[in-house]
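Reader: I should like to go through the labels attached to this model and ask what each of them rests on. Could the reasoning be set out step by step?

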Amino acid sequence: NIKYDKIVLSNININLNPVEDTMLLSYVLDAGKFKHNLDELAKIYLDYDTIKYKDVVGVGKKEKTFDQLSIQEAYIYAAEDADVTLKLFKILKKRIVKERLLNVYESIEKPLIDVLVLIERNGIKINTKKLKELHAIFCKKILLIEKAIFKYSQLEFNVASPKQLGEVLFDKMGLPGGKKGKSGSYSTSSDVLENLSYQGHEIAKALLEWRQISKLKNTYTESLTEEINKKTSRIHTSYSMAATNTGRLSSTDPNLQNIPIRTEEGKKIRNSFISEKGHKLVSLDYSQIELRLLAHIGKINELKKAFDLNLDIHKETASQ
C-alpha cells in the first residue's frame, strides 16, 4: 500500500517516485479471490506468518503508538515488512507480465496512486458550525421521539437495547410477530419493525425514525467533528484501492461514501461539506455504466433505444 508511505513522506517534502505496489499487483491479478494485505499474501505465496502490527504495539488500554516502541522492536517489524514485500514483488511482477495484465496495472492502477495522494492530502472542508447545530437538532429530536415511544408503551426503557425493546413490544404490549432467536431474545430488526409499521402500529414507526436519527447523530454529526484535522481544519479520508470486487474505491477513516441522500436529514449532513472560497464542489456520477456497455457490446437494440430516449431503464425492463 505504497500510497500510505507516499503520504507520510510527503509531509516532510519527500516525493517518492517511481513506485511499485504489491497490493495493486495482487488486486489486478486476483480481485475478488482474497484480501490483498501483506499478511494474507505472505501466507498465500510464501506460506509465511508475518509479525502482526497488534503483536508489536498491543491492543486496548495497553496499545502503544509506534514511536513508543524500542528501535529493536520497530526494526524487526519494519524490516520484515520490507523483506516480505520485495519477495512478493518478484513473484507478482512475473505473473502480471505472463498473464498479460501489465497494461491494466501500469496505465490504470498505478497512475491513480498520485491522484489519490493529492486528494487525501487536500482533504475536504466541512462547516463545523453547521454540523454542531445539526447535532443539537438531532439530540432534541431523539428526546422527542423517545417521549412518543414511552407514551405508546406506557413505560420508560432503554430504546437502544434490543432485549428490552423486544420485551416491551411483544410481552408487555402483546404486538404480533414476535420471534425469539438463539439468544432467547426477540428479534427487533428493521424488517420486524417495518412489518409492524405497515400494520399500523405507531410505536414501530417512531422506533424506525429513532434509529435513523440516532445513526446519523452517532455516525456523522458526532464522529465527523472528531475527525477534523486540527492543523488543516479539514477531514482527510483514506481511499482503499484494493478493497472492492468491482474496482471502485472505498473510503475509510472516516467513511464518507455512505452518507444517506434520500432523507432530509442526510441531505443536511451532505450540505455541511463545503468548498474553499472561489472554488466549487462538483458531483459526478456514471449513469448505469455497466448496462450502457452491455447494450453497446451485446448490440441489444431495445436497451440502446431506451438509453437514447433517456427512459428509466429499470421501469422499462420491468414493464417488458
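**Labels and their grounds**

Author: Pro18 is found in the loop between α1 (2-10) and α2 (22-30). The model is a predicted one, and the values discussed here are computed from it.

Reader: What makes the peptide bond between Asn17 and Pro18 a notable one?

Author: The bond that joins Asn17 and Pro18 is cis, with omega at about -10°. Another cis peptide bond joins Asp253 and Pro254, where omega is about -5°. Pro254 lies in the loop between β4 (250-252) and α11 (264-270).

Reader: What is notable about the phi angle of Gln154, and why is Gln154 called exposed?

Author: Phi of Gln154 is near 60°, which is a positive value in a residue other than glycine. Gln154 sits in the loop between α7 (128-153) and α8 (162-172). The relative accessible area of Gln154 is 66%; exposed means over 50%, so Gln154 is classed as exposed.

Reader: Why is Ser233 called partly exposed?

Author: Ser233 has a relative accessibility of 42%. Partly exposed covers the range between under 20% and over 50%, so Ser233 receives that label. Ser233 also has a positive phi near 60° although it is a residue other than glycine, and its place is in the loop between α10 (202-226) and β2 (234-235).

Reader: How do you know that Lys3 and Glu120 form a salt bridge?

Author: The side chains of Lys3 and Glu120 meet at 2.5 Å, N to O. The cut-off is within 4 Å, so the pair qualifies as a salt bridge. Lys3 belongs to helix α1 and Glu120 to helix α6 (residues 102-122), 117 residues apart, and the pair links distant parts of the chain.

Reader: Why are Lys3 and Glu120 called buried?

Author: Relative accessibility is 3% for Lys3 and 8% for Glu120. Buried means under 20%, so the label applies to Lys3 and to Glu120.

Reader: What makes Lys125 and Glu276 a salt bridge?

Author: The closest N and O atoms of Lys125 and Glu276 are 3.7 Å apart, so they are within the 4 Å that the term requires. This pair also links distant parts of the chain: Lys125 is in strand β1 (residues 124-126), while Glu276 is in the loop between β5 (273-274) and α12 (289-297), 151 residues apart. Lys125, at 25% relative accessibility, and Glu276, at 34%, each count as partly exposed.

Reader: Where do Glu167 and Lys163 lie, and how many salt bridges are found in the whole structure?

Author: Glu167 and Lys163 both lie in helix α8, 4 residues apart, about one turn of the helix. Their side chains meet in a salt bridge at 2.9 Å, N to O. The search of the whole structure finds 20 salt bridges. A network of salt bridges links Glu20, Lys93, Glu106 and Lys110.

Reader: How do you know that β1 and β5 pair, and why are β2 and β5 said to stand at the edges?

Author: β1 and β5 are joined by 2 bridges in the antiparallel sense. Pairing requires at least two bridges, so the two strands count as paired. Ile126 stands opposite Phe273 in β5. The open sheet has 3 strands in the order β2-β1-β5, with antiparallel pairing. β2 and β5 each have a single partner strand, so one side of each is left without a neighbour in the sheet.

Notes: Residues numbered from 1 in each chain as written. Predicted model: local features only at pLDDT ≥ 70, side-chain atom pairs only at ≥ 80, totals over all residues. Heavy atoms only, no water. Buried < 20%, exposed > 50% of the residue type's maximum accessible area, 1.4 Å probe, protein only.
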